[in-house]
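Reader: Could you take me through one part of this model up close? I'd like to hear how the helices pack against each other, and then a bit about the aromatic rings.

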Amino acid sequence: MTARGSSESRAVAIAVVSTIVVLAAIVVVVTRSPGWDEFKAYFLNWGYYRDSFEEIARAFLVNVKIFLVVEAVVLVTALLMAILRSLPGPAFFPIRALAVVYVDFFRGVPTILVILMLGQGIPALQLSWLPTDQIFWASVALVLVYTAYVSEVYRAGIDSVHPSQRQAALAVGLTGGQALRFVVLPQAVRRVLPPLLNDFISLQKDVALVAILGPQEAFRVAQIDASSTFNYTPLLAAAALYLCVTIPLARVLDHMQRRSR
């Protein structure tokens with residue numbers, strides 16, 4: 001074995017041992033705390049977990065459907081908003097100003113208020129040509145809010161591409177639109193993948209806010225089960241389902257970043 005290989009093996013062994021020691025210390029401290037038995041009864045009851053998991057998992061499909069639709073829309077609308085904010089020249093100032101107002105407003109207003117205003121306000125207008133489905137309007141609210149957040153991520157990526165890249169593209173005969181599409185945007189999107197993932201993980205969790213309008217999504221069902229049994233274990237079942245989505249997303253991004261190096 002080479003010296004480098006020996007050093008790497010020693011580092012791995014140290015990392016494994018230190019991790020085991022830290023985890024063991026946490027387990028000892030928690031399980032020997034005075035309130036451990038009560039905490040275990042209220043939050044770690046396997047019977048309640050087993051009984052509620054199937055119902056919560058079915059409700060979680062609502063979360064997944066909303067998340068996938070909203071994410072797909074936001075990826076497009078946020079990019080368009082970022083491009084509008086990046087348009088050069090005084091002729092496009094009104095468009096840039098409107099884009100700034102939009103971003104400032106929807107980043108400043110709490111998401112739950114936007115969901116309430118649209119989900120309850122729009123159906124209250126009783127306009128026959130508008131949808132009244134609350135899940136639809138909750139999804140629209142999430143699109144409006146996350147378009148504002150994600151557009152800033154895109155814009156940061158666009159601004160991070162050196163102007164010489166665009167100038168070189170124009171010099172070889174590309175139009176401004178072609179330079180943006182084929183030169184600037186590919187680099188910008190690749191650079192902002194980590195913050196994009198963070199926003200979409202936040203989006204997956206914020207889908208639970210649609211429950212304020214009444215739809216039976218995973219968090220609402222878990223709340224109902226917890227209220228009916230006076231036990232909070234069903235909430236952990238909902239948390240486990242959220243982790244089943246967010247952790248694979250993080251690992252996929254790690255893989256993409258390794259391949260792009």
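Author: Here is a walk through three helix pairs, followed by some ring pairs. Keep in mind that this is a predicted model.

Let's start with helix 8, which spans residues 176–191, and see what packs against it. One partner is helix 6, residues 134–160, whose axis lies 8 Å from that of helix 8, at an angle of about 120°. That angle makes helix 6 oblique to helix 8, and the crossing is right-handed. On the helix 6 side, the touching residues are Tyr-154, Gly-157, Ile-158 and Ser-160; helix 8 answers with Val-184, Leu-185, Ala-188, Val-189 and Arg-191. Sort the residues of this contact by class and you get six nonpolar, two polar and one charged.

Helix 7, residues 163–171, also meets helix 8: their axes come within 9 Å and cross at roughly 140°. So helix 7, too, is oblique to helix 8, since the antiparallel label needs an angle over 145 degrees. This crossing is right-handed as well. Here Gln-165, Arg-166, Ala-169 and Leu-170 of helix 7 touch Gly-176, Ala-179, Val-183, Val-184 and Gln-187 of helix 8. The class split for helix 7 with helix 8 is five nonpolar, three polar and one charged. Look out for Val-184: it touches helix 6 and also helix 7.

Now hop over to helix 3 (residues 46–85) and helix 10 (residues 218–229), whose axes come within 7 Å and cross at roughly 155°. These two are therefore roughly antiparallel, and helix 3 passes helix 10 in a right-handed crossing. Helix 3 brings Tyr-48, Ser-52, Glu-55, Ile-56, Ala-59, Phe-60 and Asn-63 to the contact, while helix 10 brings Ala-218, Val-221, Ala-222, Asp-225 and Thr-229. That contact counts seven nonpolar, three polar and two charged residues.

On to the rings: the model has ten aromatic pairs. One of them joins Phe-105 and Phe-106 edge-to-face, with 4.9 Å between centres and 90° between planes. Phe-105 is partly exposed at 45% relative accessible area, whereas Phe-106 is buried at 13%. Phe-136 and Trp-137 also pair edge-to-face, at 5.0 Å centre to centre and 80° between the planes. In that pair Phe-136 is partly exposed, at 39%, and Trp-137 is buried, at 9%. Last stop: Trp-36, Phe-39, Phe-43 and Tyr-232 are linked by ring pairs into a cluster.

Conventions:
Residues are numbered from 1 along each chain as its sequence is written. This is a predicted model: local features need pLDDT of at least 70, side-chain atom pairs count only at pLDDT 80 or more; totals for chains, interfaces and linings use all residues. Side-chain values use heavy atoms; hydrogens and water are left out. Axes are lines fitted to C-alpha atoms, for helices over the stretch in contact, and angles run from 0 to 180 degrees between N-to-C directions. Helices (H or I, at least four residues) and strands (E, at least two) are DSSP runs, numbered from the N terminus. Angles under 35 degrees count as roughly parallel, over 145 as roughly antiparallel, 65 to 115 as roughly perpendicular and the rest as oblique. A crossing is left-handed if the near helix is turned anticlockwise from the far one by less than a right angle, and right-handed if clockwise. Contact means heavy atoms within 4.5 Å. Ala, Val, Leu, Ile, Met, Phe, Trp, Tyr, Cys and Pro count as nonpolar, Asp, Glu, Lys and Arg as charged, and the others, Gly among them, as polar. Rings of Phe, Tyr and Trp (its six-membered ring) pair if their centres lie within 6.5 Å; planes under 30 degrees apart count as stacked, over 60 as edge-to-face and the rest as tilted. Buried means under 20% relative accessible area, exposed over 50%, partly exposed in between (1.4 Å probe, protein chains only).
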